[in-house]
Amino acid sequence: MTFVMNDVKISPDTKSLLFEKHVEYISNYGKDKNEYEYHMTEFLRMSGIYWGVTALDLMGELDKIDRDTVVEFVKKCQCPVSGGIAACDGHDPHILYTLSAVQILCIYDCLSEIDTDAVVRYVGNLQQPDGSFFGDKWGEVDTRFSFCAVATLAILNKLDTIDLPKAVDFVMSCSNPDGGFGSKPNAESHAGLVYCCVGFLSITNQLHRLECDKLAWWLCERQLPSGGLNGRPEKLPDVCYSWWVLASLTIMGRLHWISAEKLQQFILSCQDNETGGFSDRTGNLPDIFHTLFGLGALSLLGSDQLKKVNPTFCMPEYVIQKFNFQKRLKITMFLGT
């Protein structure tokens, strides 16, 4: 019986970062309100703005987006009743978009523009008796929401408003025998959820509870012959997993366990030579989501064209240092091998 590995062929032609094209692609994203894509992505617009703002800041081109327009949009999306923040004005608030909004305002250094006390109450009210978090009032539970909760509260310096021991216990209950983490107990390990759980444990100073070698090997096995990384065994590589996997390995001090050169080649092959932006894999259409995580991964790999990115928060490191998160929260990263 022949074993077939799912993978892609990459083009070796693009060997450098198409910096100016990416700046143009990101700064023009969403400007045409008549585009079909603009209306079809309304349900995640807040995160879309976060992806664009963060990407441009990493490139040193944050002024290419109008700050006042972005801040006013965020303010309009805060629910006056719950305190949570929605993806778009008129939508229900959700913890995913609440974190994105807080990250945007943190980068712009204007958190005072929203009612942060209401945000803290909203996040706290989403915690359940077992320590897990709902994403919104409809009751879905996922370890992504645990990460969003502590990341939001960490930025706002309000981690003491939730039951942290129970929150940690819930996340650890989602670990699997392969060392990975799923969305809830007994769910399949997934690289994106591994990032959420490792980031959560970093923020809550609980990284010592990880089986780092076992988890790091599982993450390293996500690298395919093309150099790209997938999220689960037998899946195709995808640029976004360059971020989820690399950030997790960075936090655990094991970034050097994979082939950085091959991964960089894969990421660069996913650039659109005409419009700019990154796609999920070579030859596909670019989008703002994969553009941020492609740039973020290149930053983790040491690109001298990009600012240093923080692997836990996926924000520029200078922002984290400015707000003194590292000292105030004792955010941990393993430095050993």
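Biologist: What makes Tyr25 and Asp272 count among the residues that proline 286 touches?

Modeller: In this predicted model, contact means heavy atoms within 4.5 Å. Leaving aside residues up to four places away in sequence, proline 286 touches Tyr25, Asp272, Thr275, Gly276, Gly277, Phe278 and Ser279. Proline 286 itself sits in the loop between α12 (260–269) and α13.

Biologist: How do you know whether proline 286 is buried or exposed?

Modeller: Its relative accessibility is 14%, and buried means under 20%, so proline 286 counts as buried.

Biologist: Moving on to α13, why is the pair of phenylalanine 289 and phenylalanine 293 called edge-to-face?

Modeller: The ring centres are 5.0 Å apart, and the planes meet at 75°. Centres within 6.5 Å make a pair, and an angle over 60 degrees is edge-to-face, so the name fits phenylalanine 289 and phenylalanine 293. The two are four residues apart in helix α13 (residues 288–300), which means about one helical turn separates them.

Biologist: And what makes phenylalanine 289 partly exposed, while phenylalanine 293 counts as buried?

Modeller: Phenylalanine 289 has a relative accessible area of 22%, and partly exposed runs between 20% and 50%. Phenylalanine 293 has 4% relative accessibility, so it counts as buried.

Biologist: Why is the pair of phenylalanine 147 and tyrosine 195 called tilted?

Modeller: By the same kind of check, there are nine aromatic pairs. Phenylalanine 147 and tyrosine 195 have 5.5 Å centre to centre and 55° between the planes. Stacked needs under 30 degrees and edge-to-face over 60, so an angle in between is tilted. Phenylalanine 147 is in helix α7 (residues 143–155) and tyrosine 195 in helix α9 (residues 191–203), so the pair ties together parts 48 residues apart in sequence. Both phenylalanine 147 and tyrosine 195 are buried. They also belong to one aromatic cluster, whose members include Trp51, Trp243 and Trp244.

Biologist: How do you know that α7 is largely enclosed by the rest of the structure?

Modeller: Twelve of its 13 residues are buried, so the description holds. Among them are Phe145, Cys148, Val150 and Leu153.

Biologist: What makes the distance between the ends of α7 agree with its number of residues?

Modeller: At 1.5 Å a residue, its 13 residues should span 18 Å, and the end C-alpha atoms are 19 Å apart, which agrees.

Biologist: What makes aspartate 142 a cap for α7?

Modeller: A side-chain oxygen of aspartate 142 lies 2.8 Å from the backbone nitrogen of arginine 144, at the N-terminal end of α7. A polar contact needs N or O atoms within 3.5 Å, so 2.8 Å meets that cut-off.

Key. Residues are numbered from 1 along each chain as its sequence is written. This is a predicted model: local features need pLDDT of at least 70, side-chain atom pairs count only at pLDDT 80 or more; totals for chains, interfaces and linings use all residues. Side-chain values use heavy atoms; hydrogens and water are left out. Rings of Phe, Tyr and Trp (its six-membered ring) pair if their centres lie within 6.5 Å; planes under 30 degrees apart count as stacked, over 60 as edge-to-face and the rest as tilted. Buried means under 20% relative accessible area, exposed over 50%, partly exposed in between (1.4 Å probe, protein chains only). The expected span of a helix is 1.5 Å times one less than its number of residues. A polar contact is a pair of N or O atoms within 3.5 Å; within protein, one must be able to donate a hydrogen and the other to accept it, and residues adjacent in sequence count only if both atoms are side-chain atoms.
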